[in-house]
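Me: I am new to this one. Please show it to me, and then I will ask how each label is earned.

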Amino acid sequence: MRGALPTWQCDPVTGAWSIVAPLRAARPEEYGLGRPRPAGSVRRPPDCPFCEGHEARTPPELDVVRARSSEPNGVGWRFRAFRNRFPTFEPTRNGATTKSDRGTGPRASSARLPVPPAGARAVGHHEVIVETPRHDRPIGVRPVREIAALLEFYQRRLVAAESRFPRGSALLFRNQGPRSGGSLAHPHAQLVAAPFVFPTLAAELARARPGLRAGRRRTCALEADVRLAERRRSVVVRRGGITAYVPGAGTGGFSVRLVPSTHAPSFTEATSSELRDLAAVVRAVLPSLERSDPTGSTNFWIHSLPAGTPANRAFHWHAEAVSRAPDPDGFELSSRVAVRTLEPRAIADRLRGGFAR
Ligand SMILES: [Zn+2]
Ligand SMILES: [Zn+2]
Ligand SMILES: [Zn+2]
């Protein structure tokens, strides 16, 4: 039974390792984990600070898309961004940092990027982007053009965040569902920026080398990985200029990488037609991932070339959507090798099967 043999998978983009071990799916489960739940509607709690009409419960708007006739910090908006009231980073007034904030610690050997010295103040920017005035409006029920407009707002916020820390990096991410790490159900994203290049981006930058050969032409590591996904049939969906595929190595949850076919280092360079295609792919993939998870929990993020490393044009921007893995066991924690029970192709099949009809 060859299909049951464990196999190594390595991700050339992130450097992550994992093992696909199908037999582990047959483990007895004594803790009684739940079954995948059907997508349900979300109740609107009366005190949600992100709902329209509750603008006074959030910090003032940093940026907003709203009806021309409406008042700032009042009703009548489509998307709004404000500082996170519970930030991970200590805010600065204008993004200015001192030398000690930036640190002069040792350099990460692979990417030669500065590493924050232990004890340095974690200065940075942390904002919330509320994606809809309505509490019960998940991505899966919104029209593609509305999601595309939201992605354009993401772009604008990313440009603003990067300009605060021109030598650092910014990350835009979403948490949805009780196991996502997020605390509020109202659809929203968050954006952080800091005067350092975050380790995931640093690792991917170090691996983003131009000039891999692909037949006659040269390609980047990410494009080569998309070709590999096509050969192993782990492409989930393709819409125009955006392909979504299951990467080779991943955690025990499902993960999908969303990649533009045109090479561009920064998400802020994505064209409006790419944003429309990305919106269509997100609208298909996120609800399917939610349905694959017993608690409907997902995370989503965008990896874009850090502003502080403009020279590395080999980096290819992308987004990633994941459902939550079961808690890692001792092997996974001690080895940083993730173990999962399904091949990338089988995960792609399941996610296609979960698309809303
Ligand atoms: Zn709400
Ligand atoms: Zn590329
Ligand atoms: Zn990435």
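**Labels and their reasons**

Reply: Start with helix 3: its buried residues pack against strand 6 (169-176) and strand 13 (298-303). Keep in mind that this is a predicted model.

Me: Which residues of helix 3 are called buried, and what makes them so?

Reply: They are Leu 201, Ala 202, Glu 204 and Leu 205, in a helix that spans residues 199-207. A residue counts as buried if 20 or more other C-beta atoms lie within 10 Å of its own C-beta, so each of these four meets that cut-off.

Me: How do you know on which side of helix 3 they lie?

Reply: Look at the arc around the axis. The buried residues cover only 170 degrees, which puts them on the same side of helix 3.

Me: Why are strand 1 and strand 15 called edge strands?

Reply: The sheet is open, with three strands in the order 1-2-15. Strand 1 (7-10) and strand 15 (337-340) each pair on one side only.

Me: How do you know that strand 2 pairs with strand 15?

Reply: Pairing needs at least two bridges. Four bridges join strand 2 (residues 17-20) to strand 15, so the two count as paired. They run parallel. In one of the bridges, Trp 17 has Val 337 as its partner.

Me: What makes up the contact of helix 2 with helix 5, by class?

Reply: Nine residues are nonpolar, none is polar and three are charged. Glu 152 of helix 2 is in the contact, as are Arg 276 and Arg 283 of helix 5. Glu and Arg count as charged, so these three belong to that class. The two axes come within 8 Å and cross at roughly 115 degrees.

Conventions:
Residues are numbered from 1 along each chain as its sequence is written. Chains are lettered from A and ligands numbered from 1 in the order in which they are written. This is a predicted model: local features need pLDDT of at least 70, side-chain atom pairs count only at pLDDT 80 or more; totals for chains, interfaces and linings use all residues. A residue is buried if 20 or more other C-beta atoms lie within 10 Å of its own, exposed if 12 or fewer, and partly exposed in between; C-beta atoms are placed from the backbone. The arc is that of the directions from the helix axis to the C-beta atoms. Two residues are in contact if their C-beta atoms, placed from the backbone, lie within 7 Å. Axes are lines fitted to C-alpha atoms, for helices over the stretch in contact, and angles run from 0 to 180 degrees between N-to-C directions.
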